[in-house]
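Biologist: Please show me the model. I would like to ask how its labels are earned.

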Amino acid sequence: MGLLLTGCGNKLSGAYTGKITLLFVEQKDTMIFDGDKVTEKQNGKVIDKGTYKIDGDDLTIKINDYHLRAKLSDNRKSFTVTSADGIANLVKGTTYTKKE
């Protein structure tokens, strides 16, 4: 599961991190945006790669068969997951913030 953002236009760049809880264990989940690609890391390890699209303040991330939807903040320094497919929906409500 993953998400993306960029500074201007329809692209995001850099790393956005959120905290997710799976089976009562909190983990750091990071989405790294580069071009139209996103790489998801958990606790520093790459777990998946995918693509993303931005339409206004709507962010859609596709990783494997999962689609995540999120709302970008006005300054694009964060996004909050609004929905996702299947097990990825466990991150619904998670806010990812860009590392400076």
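Modeller: Start with Lys37. Its relative accessibility is 47%, so Lys37 counts as partly exposed.

Biologist: Why is Lys37 called partly exposed?

Modeller: Buried means under 20% relative accessible area, exposed over 50%, and partly exposed in between (1.4 Å probe, protein chains only). Lys37 has 47%, so it falls in the partly exposed range. Asp36, at 34%, is partly exposed too.

Biologist: What can I trust here?

Modeller: This is a predicted model, where local features need pLDDT of at least 70, side-chain atom pairs count only at pLDDT 80 or more, and totals for chains, interfaces and linings use all residues. Residues are numbered from 1 along each chain as its sequence is written, and side-chain values use heavy atoms, with hydrogens and water left out.

Biologist: What makes Lys37 and Asp36 a salt bridge?

Modeller: A salt bridge needs a side-chain nitrogen of Lys or Arg within 4 Å of a carboxyl oxygen of Asp or Glu. The closest N and O atoms of Lys37 and Asp36 are 3.6 Å apart, so the pair qualifies.

Biologist: Which residues are joined into one network by salt bridges that share partners?

Modeller: Take Lys71 and Asp58 first. Their closest N and O atoms are 2.3 Å apart, so they form a salt bridge. Asp57, Asp58 and Lys71 make up one network through shared partners. Asp57 also bridges to Lys71, at 3.5 Å between the closest N and O atoms.

Biologist: How do you know that Thr39 is buried?

Modeller: Its relative accessible area is 19%. The cut-off is under 20%, so Thr39 is buried.
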